[in-house]
Amino acid sequence: MSKNQMKFDFQSLKVGDLVAENTRFPNEYKKYGVIVQIDKGKYLDQVKVHWMNYGSFWTLSDKLTKINKHEEI
């Protein structure tokens with residue numbers, strides 16, 4: 001990547017946040033999950049999410065939506 005390319009921080013995610021998958025074709029088993037680990041790279045932010053009844057997997061932060069306590073599930 002060039003020096004002029006910007007790094008985009010899509011969200012301020014932290015360990016323990018409840019998230020939902022934000023993809024065009026969502027996986028029915030990855031509906032809701034909890035962030036268990038964060039890897040802030042130089043250009044990409046990856047998070048490890050434990051999906052309920054599915055397992056733990058690494059994904060890019062821009063593929064997730066943080067569920068706020070004020071939003072209905």
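1. The exposed surface of the chain comes to about 5,800 Å², and carbon and sulfur atoms supply 51% of that area. The model is a predicted one, and the values below should be read as computed from it. Of the 73 residues, 25% count as buried.

2. Secondary structure consists of five strands and zero helices. Along the sequence this reads β-β-β-β-β. Among contacts with a separation of 6 or more, 41% join residues 24 or more positions apart.

3. The five strands make an open sheet with antiparallel pairing, in the order β4-β3-β2-β1-β5. The edge positions are taken by β4 (55–60) and β5 (64–66); each has a single partner strand, so one side of each is left without a neighbour in the sheet. On average, neighbouring strands of the sheet are turned by 45 degrees against each other, with direction ignored.

4. One pairing can be described in more detail. Strands β3 and β4 are joined in the antiparallel sense over six bridges. Within that part of the sheet, Trp-51 stands opposite Gly-55 in β4.

5. Which residues form the largest nonpolar core? There are seven: Leu-13, Val-19, Ile-35, Val-47, Val-49, Trp-51 and Leu-64. Strand β3 (residues 45–51) gives the largest share of this core, with three residues. In soluble globular proteins, nonpolar side chains tend to be buried together.

6. Val-49 belongs to that core, and its contacts are worth listing. Beyond its neighbours within four places in sequence, Val-49 is in contact with Val-19, Ile-35 and Leu-64, and also with Gly-33, Val-34, Gly-55, Ser-56, Phe-57 and Thr-59. Val-19, Ile-35 and Leu-64 are themselves members of the core.

7. How many aromatic pairs does a search of the whole structure find? The search finds one. The pair is formed by Tyr-54 and Phe-57, with 5.3 Å centre to centre and 45 degrees between the planes, and is classed as tilted. The class follows because planes under 30 degrees apart count as stacked and those over 60 as edge-to-face, with the rest as tilted.

8. Are the two rings' residues buried, partly exposed or exposed? Tyr-54 is partly exposed, at a relative accessible area of 37%. Phe-57 is likewise partly exposed, at 38%. Neither residue counts as buried, because that term requires under 20% relative accessible area. Phe-57 is nevertheless one of the residues in contact with Val-49.

Definitions and conventions. Residues are numbered from 1 along each chain as its sequence is written. This is a predicted model: local features need pLDDT of at least 70, side-chain atom pairs count only at pLDDT 80 or more; totals for chains, interfaces and linings use all residues. Side-chain values use heavy atoms; hydrogens and water are left out. Helices (H or I, at least four residues) and strands (E, at least two) are DSSP runs, numbered from the N terminus. Buried means under 20% relative accessible area, exposed over 50%, partly exposed in between (1.4 Å probe, protein chains only). Contact means heavy atoms within 4.5 Å. Accessible areas come from the Shrake-Rupley method with a 1.4 Å probe; for residues, only the protein chains shown count as cover. A nonpolar core is a set of buried Ala, Val, Leu, Ile, Met, Phe, Trp, Tyr and Cys residues joined through side-chain atoms within 4.5 Å. Two strands pair if DSSP finds at least two bridges between them. Axes are lines fitted to C-alpha atoms, for helices over the stretch in contact, and angles run from 0 to 180 degrees between N-to-C directions. Rings of Phe, Tyr and Trp (its six-membered ring) pair if their centres lie within 6.5 Å; planes under 30 degrees apart count as stacked, over 60 as edge-to-face and the rest as tilted.
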